[in-house]
Amino acid sequence: MLSSATFPDPETLAAAVLDRQRPALAKALNLLDDKRPEARRRAARLLLQLPQEKLYASGHLIGLTGPPGAGKSSLTAALISRWRQRGLRVAVLAVDPSSPISGGALLGDRLRMLSGQVDSEVFIRSLACRGEFGGVSAEVWPMSLVMLAAFDIVLVETVGVGQKEIDVSKLTDTTVFVAQPASGDSIQFLKAGIMEVPHLLVVNKADLGLAARKTLAELRATLKPARGGSSWQVPALSASAARGTGIEELADGIEAHRQWLIRQNQLNPRRKKFQAEWVLKRLNEEFGRFGVNALGGADALLTELALADSAPFEQYEALRQRFLGNWSGS
Ligand SMILES: Nc1nc2c(ncn2[C@@H]2O[C@H](COP(=O)(O)OP(=O)(O)OP(=O)(O)O)[C@@H](O)[C@H]2O)c(=O)[nH]1
Ligand SMILES: [Mg+2]
């Protein structure tokens, strides 16, 4: 059992995180993943020490998802070099499937190897996935917030086909789906009525030629035109991470979606909404449906939380206390 002396001091840690010091970034992520009460309290203080504007109203939180081997990490590496050329600082959280076949926390290493552009303004971290949040490690939300405090772009890479793709979109501003040429999986996924989930589709491995072109044509055929001028038109792009083609267009497309969110005044409300969902999920885990209903029900809680100005752990703690107070008082 570790004593509280081994927990980092939140104020010092926050300053070092903002300075993008690697050991501090790693320490902060570990603290957020630590369920012990003292760690929780310190994690809450850490989040409060960070500039709230950066957490909720600036930067870009991107989800990159798609079937295994589609080239998500290779595309991420290619995007990192573009973003660095544009002067942007990048953090990558690679959510590894816990399956022993893929060997656990290796994607980060692979990415580090692939990217020639890893300098002090790029931070890459592999997270083991414990199957919560449908494939995304439970603490990815607060972890993303901490990364947003220090980096311009935070990219979350998740593996998945089928329903799992939805989940990364529940915590990111922009979701990119990477399709594998000649794979029915992608088309099936998109036809399954989850078409509205990704904001950009990209067929990687364009260097394979015909197979990639065919998949691109199929994807385009499934895309519906945007409803009215204020809707986002999902583009289907083509790229080759291996040859470095189409990367500029992909980076531009991703940025266009962020600009669209800002014009629609959606960036901040989206993050607040995802945070509310995260808090609700935590409450559900601890107190179940009964607890959530005792607190006014999921819908009322989501509305209340999305309007509140506090950090995730505070929201969670306040509701927890309210529930326990009601319960003991009745
Ligand atoms: N021909 C070709 N191969 C590519 C391209 N991009 C990636 N690959 C290859 O595809 C394989 C998978 O690439 P990754 O980038 O690891 O794919 P991933 O989607 O991150 O894979 P997981 O994280 O394991 O799901 C590797 O062997 C890459 O070399 C490309 O543009 N063209
Ligand atoms: Mg990968």
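Visitor: Let me start with one residue. Which residues does serine 240 touch, leaving out those up to four places away in sequence?

Guide: Serine 240 touches Asn204, Lys205, Ala206, Asp207, Thr245 and Ile247, when residues up to four places away in sequence are not counted. Please keep in mind as we go that this is a predicted model.

Visitor: Where does serine 240 lie?

Guide: Serine 240 is in the loop that runs between strand E7 (236-238) and helix H11 (247-263).

Visitor: Is serine 240 buried or exposed?

Guide: A residue is called buried when its relative accessible area is under 20%. Serine 240 has a relative accessible area of 0%, so it is buried.

Visitor: Thanks! Now the whole chain: how many helices and strands are there in the protein chain?

Guide: The protein chain has 14 helices and seven strands. It has 330 residues, and 52% of them count as buried. Now take the contacts between residues at least 6 apart in sequence: 77% of these join residues at least 24 apart.

Visitor: Could you show me a residue with partners far along the sequence?

Guide: Leucine 145, in helix H7, will do nicely. In sequence, leucine 145 and leucine 47 are 98 residues apart, yet in space their C-alpha atoms are 7.9 Å apart. Leucine 145 touches Leu47, Leu55, Tyr56, Gln275 and Pro312, again without residues up to four places away in sequence. With a relative accessible area of 1%, leucine 145 is buried.

Visitor: And what about glutamate 38: where does it lie?

Guide: Glutamate 38 lies in helix H3. Its relative accessibility is 21%, so glutamate 38 counts as partly exposed. Glutamate 38 and phenylalanine 7 are 31 residues apart in sequence, and their C-alpha atoms are 8.0 Å apart.

Visitor: Next, helices. How are two packed helices described?

Guide: Two numbers are used: the angle between the helix axes and the distance between those axes. Let's try helix H2 (residues 22-33) with helix H3 (residues 37-49): their axes come within 8 Å and cross at roughly 125°. H2 and H3 are therefore oblique to each other. Their crossing is left-handed. On the H2 side, Ala28, Leu31 and Leu32 meet Ala39, Arg42, Ala43 and Leu46 of H3. By class, the residues of the contact of H2 with H3 are six nonpolar, no polar and one charged.

Visitor: How do H2 and H7 cross?

Guide: The axes of H2 and helix H7 (residues 140-150) come within 9 Å, with a crossing angle of roughly 155°. An angle over 145 degrees counts as roughly antiparallel, which makes H2 roughly antiparallel to H7. This crossing is right-handed. H2 brings Leu25, Ala28, Leu29, Leu32 and Asp33 to the contact, while H7 brings Pro142, Met143, Val146, Met147 and Ala150. The contact of H2 with H7 has nine nonpolar residues, no polar ones and one charged.

Visitor: And which residues make the contact between H1 and H3?

Guide: First the geometry: the axes of helix H1 (residues 10-18) and H3 come within 9 Å and cross at roughly 45°. That makes H1 oblique to H3, and their crossing is right-handed. The contact is made by Pro10, Glu11, Leu13 and Ala14 of H1 with Arg42, Arg45, Leu46 and Gln49 of H3. By class, the residues of the contact of H1 with H3 are four nonpolar, one polar and three charged.

Visitor: I see a metal too. Which residues coordinate the magnesium ion?

Guide: Ser73, through OG, and Glu157, through OE, coordinate the magnesium ion (ligand 2) at 2.1 to 2.2 Å. Serine 73 belongs to helix H5 (residues 72-85) and glutamate 157 to strand E4 (residues 153-159), so the pair ties together parts that are 84 residues apart in sequence. Serine 73 and glutamate 157 are both buried.

Visitor: Last one, on backbone angles. What is the phi of arginine 20?

Guide: Arginine 20 has a positive phi of about 55°, although it is not a glycine. It sits in the loop between H1 and H2 and counts as buried, at 16% relative accessibility. Asparagine 265 is not a glycine either, and its phi is positive at about 60°. The loop between H11 and helix H12 (267-294) holds asparagine 265. With a relative accessible area of 60%, asparagine 265 is exposed.

Methods:
Residues are numbered from 1 along each chain as its sequence is written. Chains are lettered from A and ligands numbered from 1 in the order in which they are written. This is a predicted model: local features need pLDDT of at least 70, side-chain atom pairs count only at pLDDT 80 or more; totals for chains, interfaces and linings use all residues. Side-chain values use heavy atoms; hydrogens and water are left out. Axes are lines fitted to C-alpha atoms, for helices over the stretch in contact, and angles run from 0 to 180 degrees between N-to-C directions. Helices (H or I, at least four residues) and strands (E, at least two) are DSSP runs, numbered from the N terminus. Angles under 35 degrees count as roughly parallel, over 145 as roughly antiparallel, 65 to 115 as roughly perpendicular and the rest as oblique. A crossing is left-handed if the near helix is turned anticlockwise from the far one by less than a right angle, and right-handed if clockwise. Contact means heavy atoms within 4.5 Å. Ala, Val, Leu, Ile, Met, Phe, Trp, Tyr, Cys and Pro count as nonpolar, Asp, Glu, Lys and Arg as charged, and the others, Gly among them, as polar. Donors are N, O and S atoms within 2.8 Å of the metal (3.2 Å for Na, K and Ca); water is not among the atoms, so sites may look incomplete. Buried means under 20% relative accessible area, exposed over 50%, partly exposed in between (1.4 Å probe, protein chains only).
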